[in-house]
Amino acid sequence: WYQRRVREGRLDGAFCDYTEEDKEDYLKRAYTAGCRNIEMESCAFASLCHRASVKGAVVCVTLIDRLKSDLMEAADVARYDELVRRPHKLVIQFVKRQIGLKIKESREAAATAKSAQQQPPTTEAAAVAS
């Protein structure tokens, strides 16, 4: 827990050996390097899925602009439920599309196989069969 909070540049942990300026410098360097979110638990989840040979995905919601504050603002607290539901909706839409595509492909394959069975054999196929 403590190590995670240090790597996130948090100032509200049990121990804090750096200043507000140190935190801001760290977060600005991370931002300049392209980092837009620090999600520590995702690595463990992805590792577990990989080890178990199970497909998995991580969808993150960034609730706080860490360059401004370590705490949620009142407006964000009021919208928290809505913000947390967004990734759920996104994942549900994705899964439905994936399932829908697979069902459609299965139905098309079944229809193709059925129509192939109903057609009379060609003369070449009839010659091979006899």
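Helices in this report are DSSP runs of at least four residues, numbered from the N terminus. On that basis, Ser 53 lies in the loop between H3 and helix H4, the latter spanning 74-78. The model is a predicted one.

**Overall make-up**

The protein chain has six helices and zero strands, and its elements run α-α-α-α-α-α from the N terminus on. Of its 130 residues, 11% count as buried. The accessible surface of the chain comes to about 10,800 Å², and carbon and sulfur atoms account for 57% of that area. Among contacts between residues at least 6 apart in sequence, 37% join residues at least 24 apart.

**Helix H3 and the loop that follows**

Helix H3 covers residues 41-51 and contains Cys 49. Ser 42 is found in H3 as well. Leaving aside residues up to four places away in sequence, Ser 42 touches Val 58 and Cys 60, while Cys 49 touches Val 54 and Gly 56. The relative accessible area of Ser 42 is 15%, and Ser 42 therefore counts as buried, the limit being under 20%. Cys 49, at 11%, is buried by that cut-off too.

The loop between H3 and H4 holds Ser 53 and also Thr 62. Ser 53 has a phi near 55 degrees, a positive value in a residue other than glycine. With a relative accessible area of 70%, Ser 53 is exposed because the value is over 50%. Thr 62 is partly exposed at 47%. Its contacts, again not counting residues up to four places away in sequence, include Arg 36 and Asn 37. Thr 62 and Ile 38 are 24 residues apart in sequence, and their C-alpha atoms are 8.9 Å apart in space.

The relative accessible areas of these residues, together with that of Cys 35, are set out below.

| Residue | Relative accessible area | Class |
|---|---|---|
| Cys 49 | 11% | buried |
| Ser 42 | 15% | buried |
| Cys 35 | 31% | partly exposed |
| Thr 62 | 47% | partly exposed |
| Ser 53 | 70% | exposed |

**Cysteines**

The structure holds zero disulfides. Cys 35 has a relative accessible area of 31%, which places this residue in the partly exposed class because the value is between 20% and 50%. Cys 49, in helix H3, is buried. Cys 60 appears among the contacts of Ser 42.

**The second largest pocket**

Rolling a probe the size of a water molecule over the atoms shows where empty space is left. The second largest pocket has a volume of about 260 Å³. Its lining includes Lys 55, Gly 56, Ala 57 and Val 59. Also in the lining are Leu 90, Val 91, Phe 94, Val 95, Gln 98 and Lys 102. By class, the lining has six nonpolar, two polar and two charged residues. Gly 56 is one of the lining residues and is also a contact of Cys 49.

Terms used. Residues numbered from 1 in each chain as written. Predicted model: local features only at pLDDT ≥ 70, side-chain atom pairs only at ≥ 80, totals over all residues. Heavy atoms only, no water. 1 Å grid on protein atoms, 1.4 Å probe; cavity = no way out; pocket = protein on both sides within 12 Å on 5 of 7 lines; lining within 4 Å. Points joined across faces, edges and corners; volume = space filled by probe spheres on them. Nonpolar A, V, L, I, M, F, W, Y, C, P; charged D, E, K, R; others polar. Helix = DSSP H or I, 4+ residues; strand = E, 2+ residues; numbered from the N terminus. Buried < 20%, exposed > 50% of the residue type's maximum accessible area, 1.4 Å probe, protein only. Contact = heavy atoms within 4.5 Å. Areas by Shrake-Rupley, 256 points an atom, 1.4 Å probe, with all protein chains shown as cover. Disulfide = S-S within 2.5 Å.
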